[in-house]
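The exercises below are meant to be worked with the sequence and the model side by side. Each task is followed by a solution that goes step by step.

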Amino acid sequence: MATEAQAQWVLTATGRSPTNIAVIKYWGKRDEALILPVNDSISVTLDPDHLSATTTVAASPAFPSDRMWLNGKEIALSGGRFQSCLREIRKRARDVEDEKRGIKIKKEDWEKLHVHIASYNNFPTAAGLASSAAGFACLVFTLGKLMNVNEDYGELSSIARQGSGSACRSIYGGFVKWCMGKSDDGSDSMAVQLVDESHWDDLVIIIAVVSSKQKETSSTSGMRDTVETSPLLQYRAQTVVPGRILKMEEAIKNRDFESFARIISLVEKWNHSEGTPQVAYTFDAGPNAVLIARNRKTAALLLQRLLYCFPPQENNLDSYMVGDKSILSSAGVQSLADIEALPPPPEMKTPTQKFKGDVSYFICSRPGAGPKVLTEERHTLIDSATGLAKGV
Ligand SMILES: Nc1ncnc2c1ncn2[C@@H]1O[C@H](COP(=O)(O)OP(=O)(O)OP(=O)(O)O)[C@@H](O)[C@H]1O
Ligand SMILES: C[C@@](O)(CCOP(=O)(O)OP(=O)(O)O)CC(=O)O
């Protein structure tokens, strides 16, 4: 097979897509197959340098079937979600020509050409950090590039939605709203960008990764159970969320941190003692806490508190803070000794307990941009000589 592949061309495209964290959650579907939600949701896209999926898609007449490798391991593409994304992008494929290499693919050829896909997440997969969001957004975006798809981002987001609901929001950077839509065929259920990543760029997002183990209950089955068993879900979707969406949109537009924090969180002791919210927090369907600080100065103060209460188990500061590590020096922490020397947070009146080892590590990020194409060869995850994922 390798020699056959070598004799024929392999055309590749590589892209990178961010994850996103919802500040008004999507929870519950009205259509399982099309992935249509019961409520609108709003999220912030995280900086792809910190949390993202990178995907290479390759097409070649030498490939006998569609195949995929995720984080170096081959996985089945037979699931309905992958099939929906492949089918919808193939439908929209257009002519592609690479004159230099003498490759000419007609629109109708794409139905017969098989693809190989290799993807890598720079953070734990299926651990409640929205890997499916980054992964399916990246797959759809990159397949669209390979097949010269001309659709606008709204349409791409609607296709990514069929891979994983939250993926439709990772097609854009900044703050993004997924409009649930009304139609039964899902054609109006897509994401729109509210503001881009530069609009509110002083926000700092710190994620306390409590566990990077695979979750016991996936969001898909968790929300299915809620739909089937909770009489409160319809109340949330129909009565609570619509008003909150409007308030959240207003808070984002005005960079109104107080309203933003009030909407998404309970206010911690610190917020109380300051009299005005300093930090907001949210959880997705997992134990990891996402903390949003109003600016860098507050984030540094937050980090001092976090490191005081949750010192690292291992004697390695470097692996305890990933993403934007420079937040450590903003917090005046250069070494483990600096953590030992941190004073207890002044608002904590009784001696504060320390929870060494309860947090695996922290990720520091910020609002980030949407998907982009990567052109440098070093980012390509498929070997263009063999057509297989590199390093497997
Ligand atoms: N890079 C990727 N490319 C394509 N698919 C991916 C990628 N990463 C993850 N997935 C898909 O998403 C699934 C994991 O989704 P799941 O919803 O269980 O976890 P999560 O998205 O990390 O957590 P959550 O949605 O609760 O935040 C994987 O089994 C795989 O099917
Ligand atoms: C808690 C959430 O993160 C749930 C995300 O669920 P998924 O998008 O992973 O679910 P499926 O559509 O079944 O793939 C909230 C959110 O991101 O809005």
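Two strands are taken to pair if DSSP finds at least two bridges between them. The model is a predicted one, and the exercises should be read with that in mind.

**Exercise 1.** Describe the open sheet of four strands, and find the bridge partner of F175 in strand 13.

*Solution.* Begin with the order of the strands, which is 2-5-12-13, with antiparallel pairing. The edges are formed by strand 2 (20-24) and strand 13 (190-195), each of which pairs on one side only. Neighbouring strands of this sheet are turned against each other by 35 degrees on average, with direction ignored. Next, turn to the pair made by strand 12 (residues 175-179) and strand 13, which run antiparallel and are joined by five bridges. Within strand 13, V195 is the bridge partner of F175. Finally, look for what packs on the sheet: helix 6 (residues 232-253) lies across strand 2, strand 5 (41-45), strand 12 and strand 13, and runs at about 110 degrees to strand 2.

**Exercise 2.** Locate D196, and decide whether D196 is buried, partly exposed or exposed.

*Solution.* D196 is found in the loop that leads from strand 13 to strand 14 (204-209). The relative accessible area of D196 is 35%; since buried means under 20% and exposed over 50%, D196 is therefore partly exposed. As a last step, compare sequence with space: D196 and V44 are 152 residues apart in sequence, while their C-alpha atoms are 9.7 Å apart.

**Exercise 3.** Give the strand order of the open sheet of six strands, and work out which helices lie on strand 11.

*Solution.* The order is 8-7-11-6-1-19, and the pairing is mixed. Strand 8 (73-75) and strand 19 (372-373) are the edge strands, each pairing on one side only. Strand 6 (residues 52-60) and strand 11 (residues 114-121) pair in the antiparallel sense over eight bridges, and H116 in strand 11 is the bridge partner of A58. Helix 2 (residues 80-91) lies across strand 7 (67-70), strand 8 and strand 11, at about 125 degrees to strand 11. Helix 3 (residues 131-146) also packs on the sheet, where it touches strand 1 (11-18), strand 6, strand 11 and strand 19, and its direction makes about 35 degrees with that of strand 6.

**Exercise 4.** How many disulfides does the chain have, and why is C309 in none?

*Solution.* With a cut-off of 2.5 Å between cysteine sulfur atoms, the count comes to zero disulfides. For C168, the nearest cysteine sulfur is that of C179, 8.9 Å away; C168 is buried, with a relative accessible area of 0%. For C309, the closest cysteine sulfur belongs to C364 and is 18 Å away, which is too far for a bond. C309 counts as buried because its relative accessibility is 9%.

**Exercise 5.** Does the radius of gyration of the chain agree with or depart from that of a compact globule?

*Solution.* For 392 residues, a compact globule would have a radius of gyration near 21 Å, and the 22 Å of the chain agrees with this. The C-alpha atoms fill a box of roughly 70 × 50 × 35 Å along the principal axes. Of the 392 residues, 51% count as buried. Among contacts with a separation of 6 or more, 74% come from residues 24 or more positions apart.

How values were computed
Residues are numbered from 1 along each chain as its sequence is written. Chains are lettered from A and ligands numbered from 1 in the order in which they are written. This is a predicted model: local features need pLDDT of at least 70, side-chain atom pairs count only at pLDDT 80 or more; totals for chains, interfaces and linings use all residues. Side-chain values use heavy atoms; hydrogens and water are left out. Helices (H or I, at least four residues) and strands (E, at least two) are DSSP runs, numbered from the N terminus. Axes are lines fitted to C-alpha atoms, for helices over the stretch in contact, and angles run from 0 to 180 degrees between N-to-C directions. Contact means heavy atoms within 4.5 Å. The radius of gyration is taken over C-alpha atoms; the globule rule is 2.2 Å times the number of residues to the power 0.38. Buried means under 20% relative accessible area, exposed over 50%, partly exposed in between (1.4 Å probe, protein chains only).
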